[in-house]
Amino acid sequence: MNSSMKKIDEFYELEVGEDLKSSNNFNEDLAPTKVSERTWGKFNIAALWVGIAICVPTYTLGGILTNYFGLSVVEALVTILIANIVVLIPLTLNAFAGTKYGIPFPVMLRSSFGIKGSNIPCMVRGLVACGWFGIQTMFGGLAIHLFLSSISSAWASLGGVGEVIGFFIFWLLNVLVVLKGANSIKWLETLSAPLLLVVSLGLLFWASGKVSYVELLATPANRPETDGLAKYFFSGLTAMVGFWATLSLNIPDFSRYAKSQKDQVIGQIIGLPLTMFMFSSLGVVMTAASVQMFGYTISDPITLVGQIDNPFVVAVAMIMIIIATLSTNTAANVVSPTNDFQNIAPKYINHTKGVLLTGVVGIALMGWELMKKLGWVASDVSVEGFISNWLLAYSSLLGPIAGIMIVDYFVTKKQTLDVLALYQEDAYPAVNWAGMFAFLIPVSLTMVAITFDTLMWFYNYGWFTGAISGAVLYYVITQFSPKYYVNSELSNV
């Protein structure tokens with residue numbers, strides 16, 4: 001453990017007295033982590049990313065890029081690999097403050113947006129996570145339904161009702177895991193990661209006898225022959241970066257438990273790009289194999305496995321999918337909104353209430369899909385179509401936040417935060433208008449593009465245009481804004 005972490009621990013024990021604990025901006029769940037809580041090594045961080053990356057939406061990415069972004073199979077796989085190398089940059093940079101000071105994402109945002117202003121980007125990130133929570137819970141619930149159907153004909157006869165019941169069973173599993181805290185997530189990811197890797201490699205080996213890799217890699221692009229690659233590639237790249245633009249913001253929620261900066265950096269490099277590339281490749285191969293096996297294209301693994309006429313194989317496969325989806329959902333989609341909701345009113349919303357709020361909002365956001373399962377509404381929107389639009393839409397909102405956070409910590413504050421001030425009542429402004437304007441201007445341009453069908457390049461490349469414009473605007477505005485520094489021993493760590 002390095003000296004700065006020990007100093008933070010000592011400072012926390014000495015300085016966090018009754019005055020700070022009574023502050024409306026403080027609760028124990030948002031407080032800096034202590035040295036005793038820094039138990040995540042590089043392999044735990046890598047396992048976190050393996051557990052998060054191996055999931056149903058990752059499996060569908062190849063199909064999204066080939067069907068909706070007009071890329072060939074090779075172009076799609078290269079795009080996925082490049083996107084995850086690109087997203088490593090904001091991931092590792094935004095993780096630094098979490099590891100150094102032990103603070104979660106909402107508290108870090110207070111530095112660039114103000115104590116109360118931080119709630120706006122928090123809610124943007126939190127609601128996106130709740131949306132993903134609902135989507136992943138739908139997949140997990142379907143896997144539970146198919147598992148129970150494979151061992152019980154009575155359950156299989158329930159149809160859509162069984163899928164809805166499966167949704168709530170899986171919902172409860174997620175809530176129970178996160179209620180137990182960070183250690184339960186760490187152990188879930190650490191135990192599931194090697195299992196998921198073995199199963200993924202096994203599926204690739206199994207599919208190799210059912211599809212020709214040479215023919216697959218020679219699949220042409222689904223775009224007009226006269227069109228060049230550039231605009232399709234960058235649109236697809238934006239969507240793929242958007243896939244983990246969520247975690248690139250709230251990575252401090254996890255890096256605050258890392259033993260060192262070296263652990264968080266190496267762990268993320270080991271865990272993310274190759275896992276995403278491998279599992280996306282599996283999706284491309286299995287989707288192609290589905291045509292030969294069943295006569296038509298099946299783009300998600302749950303439906304694919306459900307077509308296999310072997311109850312034992314289906315049952316085992318569904319257990320693996322349930323574990324994969326649970327490991328992704330708990331870490332990627334419950335932790336962040338739990339902390340984000342607490343940031344609204346730390347004295348009234350603790351960890352438990354934050355988890356339950358996340359669960360309720362996730363159900364509300366997926367209400368239309370639950371009604372469809374029950375046959376109350378109809379929809380012909382495909383999984384790939386929904387996710388592709390979803391990725392582009394929210395990446396335009398998250399990009400500016402990423403740019404602002406990086407400039408604030410590394411340029412404006414020069415990696416020095418007055419942590420105590422971020423929890424006190426009057427030491428920091430309620431709203432840091434530099435951050436607010438740097439966020440709202442790119443978002444306004446995105447809304448103009450969508451509403452008036454103009455400046456569509458700003459929307460289509462939303463994460464990049466948002467991150468760059470947000471970073472530049474924040475830097476420029478802060479040059480003419482009051483500097484909010486409150487001297488304390490901890491600010492010099």
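Here are some short exercises, with worked solutions, on a predicted model of a protein chain.

**Exercise 1. Get the overall picture: how many helices and strands are there in the protein chain?**

Start with the secondary structure: the protein chain has 24 helices and zero strands. Next, look at burial. Of its 493 residues, 59% are buried. Then check how far apart in sequence the contacting residues sit. Taking contacts with a separation of 6 or more, 85% join residues 24 or more positions apart.

**Exercise 2. Find the middle of the largest nonpolar core: which residues touch the most other members?**

The core has 114 residues, and the ones to click on are Trp 49, Ile 103, Met 240 and Trp 244. Now ask which helix feeds it most: that's α7 (residues 119-151), which gives 13 residues. Don't mix this core up with another one lying apart from it, which has 22 residues, including Ala 47 and Leu 304.

Now zoom in on Trp 244. Skip its neighbours within four places in sequence, and its contacts include Trp 49, Ile 52, Leu 272, Met 276 and Ala 332. Asn 84 is on that list too.

**Exercise 3. Work out how α9 packs on α18: at what angle, and with which residues?**

Pick out α9 (residues 160-179) and α18 (residues 311-344); their axes are 10 Å apart, at an angle of about 55°. That angle makes α9 oblique to α18, and the crossing is right-handed.

Now list the contact. From α9 come Phe 170, Leu 173, Asn 174, Val 177 and Val 178, while α18 brings Ile 322, Thr 325, Leu 326, Asn 329, Thr 330 and Val 334. Sort them by class and you get seven nonpolar, four polar and no charged residues.

**Exercise 4. Do it again for α6 and α7: how do their axes cross?**

The axes of α6 (residues 105-113) and α7 come within 9 Å and cross at roughly 140°. Antiparallel needs an angle over 145 degrees, so α6 counts as oblique to α7. This crossing is right-handed.

For the residues, α6 puts in Phe 105, Pro 106, Leu 109 and Phe 113, which meet Pro 121, Cys 122 and Arg 125 of α7. The tally is six nonpolar, no polar and one charged.

**Exercise 5. Place Ser 395: is it buried or exposed?**

First locate Ser 395, which is in helix α21 (residues 383-412). Its relative accessibility is 0%, so Ser 395 counts as buried. Finally, see what surrounds it: beyond its neighbours within four places in sequence, Ser 395 contacts Thr 238, Gly 242, Gly 462 and Trp 463.

Technical notes
Residues numbered from 1 in each chain as written. Predicted model: local features only at pLDDT ≥ 70, side-chain atom pairs only at ≥ 80, totals over all residues. Heavy atoms only, no water. Core = buried A, V, L, I, M, F, W, Y, C linked by side-chain atoms within 4.5 Å. Buried < 20%, exposed > 50% of the residue type's maximum accessible area, 1.4 Å probe, protein only. Helix = DSSP H or I, 4+ residues; strand = E, 2+ residues; numbered from the N terminus. Contact = heavy atoms within 4.5 Å. Axes fitted to C-alpha atoms, helices over the stretch in contact; angles between N-to-C directions. Parallel < 35°, antiparallel > 145°, perpendicular 65-115°, else oblique. Left-handed = near helix turned anticlockwise from the far one by under 90°. Nonpolar A, V, L, I, M, F, W, Y, C, P; charged D, E, K, R; others polar.
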